[in-house]
Amino acid sequence: MQRRYRNISDLKTNESARAIAFDDSELACKLTSMGLLPGTRIEMIRKSPFGNAYYVKADGVRLALRQEEAASIFLEM
Amino acid sequence: MNDGGDSSVLKIALIGNPNSGKSTVFNQLTGLRQRTGNFPGVTVEVKEGTLRFPNGHEATLYDFPGTYSLYPTSSDEKVVAAVLTNTADSNFPDVLVYVADVTKLEKHLLLFTQLLDLNIPLLLALNLSDSAAELGIKVNASKLSESFGVPVISISGRTGHNAMRLVMELEKMVNTQQSKAKSQQPTVNSPSFYRLTDLEKQVSEAIRQNLGIQNPYRALLLAHHAPWLQFLNPNEKETVSAIVSTKNFQSLRAQVDETLERYDRFIPISQAAIVSPPAFPNTPTDRLDAVLTHRVGGPLIFFTVMMLIFQAIFDWSVYPMDWIENGFALVSDFLTAQMPAAWYTELLTDGILAGLGGILVFVPQIAILFLLISILEEVGYMSRVVFMFDKTMQRFGMNGRSMVSLISGTACAVPAIMSSRTIGNWQERLITVMVTPFISCSARIPVYLVLIGLAVPAIKLGGFLSLQSLVFGAMYVLGVLAAFVSGWAMKRWLRRREHSFLAIELPVYRMPQWKNVLLNVWEKVKAFIVGAGKVILVVSIALWGLSRFGPGDSIEQAESAAQTEALLTNLDSVDAQGFVQQRRLEASWAGQAGKLMEPAIRPLGYDWKIGIALLTSFAAREVFTGTLAVLYNMGSAEADINDRSENAAKATLRERMKNEKFMDTGKPVYTLATALSLLVFYALSMQCFSTLAVVRRETGSWKWAALQFGFMSVAAYLGAWAVYVLFS
């Protein structure tokens, strides 16, 4: 079956996509309270020096997310 | 002018998201009139200050830790939910001030709308009005006020803009509140901002009836948080959990749905009240981060900054440390000369004054380090460090946030361990607390300097790289390695699966607020003086007793024997005095204990004199050099040993140490192997009672403190032994 969503890890630098859903309630609770909502445009800024974390902009708010955290966010194609 | 008990003092709480500039507002409103509040049941420190109204009345202002929501993920954030759900809490605020970053209002109103539903008088302060003006953001405060039904004021904690208006508005709210309380009007629940779902209504209603709670949203919060709320008794917890399970209430799911629903409702309101120009794509923050968080450049810059900071600590602290040491020596000499030669004079000079001096001498280094760390925190750099090193720290069972604790640990483990509270995951926080004392703190420096001067030749490698500073740096590396290895081991051993978060906001770079920086430094220094200092002082006095008195009349006997011997061998008066002092110490309780433990430390290459120094330095590591000075017959020259310059006293101590021989074998005690072994011992051992006390407080049990003492001592012993065997 073809995937119908992307992950933050699929984004290239300066590429952006809208978040559509979360797959983990606990992370969703944390991320939504920080202003990362379904519909928020997420832009990839850069990866962390040792990998495993992303520097993103969510509607202009700069956030650092771990790979697992980023992976729980589904982005539109 | 607050008369009567605590309950009559009005309490105002500042609440807001992290990076909302809340603490700047707090400092602006209270200045130096602040202290740590007493919040029973929470280990997190809530700052409180006094707010003075124009009419002379006063109120207590609380600065709660920044949080995004009433659904917290770290112990820091839990305080807000814990206090606001308990109306009977003695700290329950009468008025709330919600501080929001006006430049990010659309993201910053979630918690505000949750507070609205708690039906506590609330004021919305739109902070950073100065930045908003710069960015061309226009806010219609009265429109917001109308929509939310609360007073709204634009302020700037940085420039002080509208601070007075905020105070006056608060005064008005307080007065209404008081007259309401006098007329004993029943508080009516205003319609809530968030509409509870049918299920939430049922759960909330059931909890309200069973626990006698008025506010529906507060009852709902209990449904979410009852298991960890300390003010609920076991019966109440049982009741709530029974309701939650019979209604099949899914807490996490409900939290997300509620959060999204709130956004849906407040975003149109904030959008209608705010006009902001399109954001620039490439702001100064973006340009700075392109360098500072660069994959290669970022870590390089970080390590360079750290090196510069350590350089600054050493260069800047030498002078104030000299003044403090000389000052104490002067006072001590003066008292010795003026007061009768009796045990209480010695208690005063060798016990109390020496203890106080031992505490205060570290203040310059600690203050300078925290000054620089606070600046990095204030400008927003620390969260970038957290981002860059999160992966590395995770490998060793910690969190990117642990970097702040470990860096602070180079000054003093006590405030460093306290700063681990921002780590949400219990295991990551525990590991951070457990390994931070491995980082070489400022108290180890004097010990390192004396031992390195003794054992390591003062040569330059390749003509410029000093071997001594290389070994000195190696001690820091050893501490860091020990911290990481034990972190890795603890991670293996604990293996607890619990959600761990990085998810951190990287704030816009800003110029530091000097008031915030200085207050933060003052707070950390106070934590050291109060937290560590008290213990150091008590142990210092106890150790003075142990080395001043001995079993029976052994001290008197040793003294008269030594005096005779000194006369016979024609020692000059200074040397004779030192000789007598040395013999007295040998005969004391501490001396006896040192002899008793010699078999245990002999494998490490130590004799009983070093044993005494190990014992006496348990309160504070730097006592080691002072004790050795006495043991090696240095008279009163000990005050100068800590000095880094090549002075006579240090040279003399080194000379004496070099000549020291084992009593039975006649071999020299201080070989290169012994000195290196001692260095390793001090780098790894838990020679600090104050740290143990803080660990107990932060982890909630002596179990972890004891474990930490155990494994650090074993590591120190084995490490020292290995080094001794390797080099001898």
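**Figure 1. Long-range contacts and overall build of chain B.** In this predicted model, take the contacts of chain B that link residues at least 6 apart in sequence: 72% of them join residues at least 24 apart. Chain B is built from 30 helices and 12 strands. Its C-alpha trace spans about 95 × 60 × 50 Å along the principal axes. For 728 residues, a compact globule would be expected to have a radius of gyration near 27 Å, and the 30 Å of chain B agrees with that. Buried residues account for 47% of the 728 in chain B.

**Figure 2. Helix H10 of chain B.** Here we zoom in on residues 251-273 of chain B. Why does the end-to-end distance of this helix agree with its length? At 1.5 Å a residue, its 23 residues should span 33 Å, and the end C-alpha atoms are indeed 33 Å apart. Look also for the kink of about 30° at Phe266(B), which lies shortly before the proline Pro268(B). Phe266(B) is itself buried. Other buried residues in H10(B) include Ala254(B), Gln255(B), Val256(B), Glu258(B) and Thr259(B). Further along, Arg262(B), Tyr263(B), Ser270(B) and Ala273(B) are buried too.

**Figure 3. Chain A, strand by strand and helix by helix.** Chain A holds 2 helices and 5 strands. In which order do they come along the sequence? Chain A reads β-α-β-β-β-α-β. Its radius of gyration is 11 Å, close to the 11 Å that the globule rule gives for 77 residues, so chain A is as compact as a globular protein of that length. The C-alpha atoms of chain A fill a box of roughly 30 × 30 × 20 Å along the principal axes. Of the 77 residues in chain A, 48% are buried. Among contacts between chain A residues at least 6 apart in sequence, 55% join residues at least 24 apart.

**Figure 4. Confidence along chain B.** The model as a whole scores ipTM 0.95 and pTM 0.84. For chain B the mean pLDDT is 85, with 91% of residues at 70 or more. Which elements mark the extremes of mean pLDDT in chain B? The highest mean, 96, belongs to helix H3 (residues 110-116) of chain B, and the lowest, 64, to helix H27 (residues 648-659) of chain B. Over residues 1-6 of chain B the pLDDT is below 50, and this stretch has 7 contacts beyond near neighbours in sequence. Residues 634-647 of chain B are also below 50, with 34 such contacts in the model. A friendly caution: where pLDDT is low, the predicted coordinates should not be read in detail.

Key: Residues numbered from 1 in each chain as written. Chains lettered and ligands numbered in written order. Predicted model: local features only at pLDDT ≥ 70, side-chain atom pairs only at ≥ 80, totals over all residues. pLDDT = per-residue confidence, 0-100. Helix = DSSP H or I, 4+ residues; strand = E, 2+ residues; numbered from the N terminus. Contact = placed C-beta atoms within 7 Å. Rg over C-alpha atoms; globule rule 2.2 N^0.38 Å. Buried ≥ 20, exposed ≤ 12 C-beta atoms within 10 Å, placed from the backbone. Expected span 1.5 Å × (residues − 1). Bend = angle between axes of the 7 residues up to and from the residue.
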